[in-house]
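Here are some notes to read alongside the structure, written as numbered points. Please keep the sequence and the model open while going through them.

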Amino acid sequence: MTKLSNVITRVEEVIMGVLMAILTIIMVTAVFFRYVLSDPLPWATEVSIYLFIWFSFIGGSWGLKYGTQAAVTFLLDALSENKQRMLKIVQDVIMLAFLIIILVYSVKWLMLPSTMLQKSTSLGMPMWIPYSAVPTGILFAAIHIVARLIRLLKNEEKLQEKEIGDELV
């Protein structure tokens with residue numbers, strides 16, 4: 001499962017890079033058209049919002065893999081190493097349950113006829129395309145959590161955290 005998580009991480013990094021490059025190009029072009037040519041692009045804002053939504057969900061999943069979210073750890077830091085591991089297991093199980101619930105409901109919502117037939121205002125693009133960022137990001141995040149949970153249960157997570165911490169410093 002760790003290998004799958006690592007592959008997904010690489011895919012996420014490529015997707016985020018491409019999305020950010022496209023977003024930058026669109027925003028620079030939109031500013032140029034609006035302020036230099038006085039002819040704004042009506043679709044630029046809509047596309048930028050959809051790209052940013054995709055970037056946010058993919059980036060959130062990527063950040064979850066590396067634990068880059070803000071956290072209050074004074075309770076965790078006060079516990080022994082074994083109790084820290086147990087608390088992390090409980091935390092990951094709860095987070096995984098939450099992600100699975102969100103994943104199930106987001107897929108159900110995405111499959112509704114009203115959602116599948118909805119079109120965007122400027123482009124007329126099917127809205128299932130930007131909406132699918134939700135289940136995609138949640139699925140990737142769930143895979144990262146399962147991989148971390150397996151490492152915790154095998155008592156391998158502490159080594160990986162140290163390696164990641166050394167890489168980032």
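1. Is phenylalanine 33 buried, partly exposed or exposed? In this predicted model, phenylalanine 33 has a relative accessible area of 24% and is therefore partly exposed, since buried would require a value under 20%. Phenylalanine 32 is likewise described as partly exposed, with a relative accessible area of 41%.

2. The structure holds three aromatic pairs, and one of them joins phenylalanine 32 to phenylalanine 33 in an edge-to-face arrangement, with 6.1 Å from centre to centre and 80° between the planes. Another ring to look at is that of tyrosine 105, because lysine 108 lies over its face at 5.4 Å from the ring centre, which is within the 6 Å limit for a charge over a ring.

3. On overall confidence, the protein averages a pLDDT of 89, and 92% of the residues score at least 70. Residues 159–166 deserve caution, as pLDDT stays under 50 there and the model has three contacts for them beyond four places in sequence. Where pLDDT is low, the predicted coordinates should not be read in detail.

4. Helix H2 covers residues 44–66, and its length can be checked by simple reasoning: at 1.5 Å a residue, its 23 residues should span 33 Å, and the end C-alpha atoms are 32 Å apart, which agrees. After H2 comes glycine 67, whose phi is positive, near 65°.

5. Several residues of H2 are buried, among them Val47, Leu51, Trp54, Ile58 and Leu64. The buried residues of this helix pack against helix H1 (2–36), helix H4 (81–110), helix H6 (128–131) and helix H7 (133–153).

6. Isoleucine 58, which has its place in helix H2, is a useful residue to follow, for its relative accessible area is 0% and it is buried. Leaving aside neighbours within four places in sequence, isoleucine 58 is in contact with Glu12, Ile15, Met16, Thr136 and Phe140. Isoleucine 58 and glycine 137 are 79 residues apart in sequence, yet their C-alpha atoms are 5.0 Å apart in space.

7. Threonine 9 lies in helix H1 and counts as buried, because its relative accessibility is 2%, under the 20% cut-off. Not counting residues up to four places away in sequence, threonine 9 touches Trp62, Lys65, Tyr66 and His144. For one of these partners, tyrosine 66, the separation along the chain is 57 residues, while the C-alpha atoms of threonine 9 and tyrosine 66 are separated by 9.8 Å.

Key
Residues numbered from 1 in each chain as written. Predicted model: local features only at pLDDT ≥ 70, side-chain atom pairs only at ≥ 80, totals over all residues. Heavy atoms only, no water. Helix = DSSP H or I, 4+ residues; strand = E, 2+ residues; numbered from the N terminus. Expected span 1.5 Å × (residues − 1). Buried < 20%, exposed > 50% of the residue type's maximum accessible area, 1.4 Å probe, protein only. Contact = heavy atoms within 4.5 Å. Phe/Tyr/Trp six-rings, centres within 6.5 Å; stacked < 30°, edge-to-face > 60°. Lys NZ or Arg CZ within 6 Å of the ring centre and 35° of its normal. pLDDT = per-residue confidence, 0-100.
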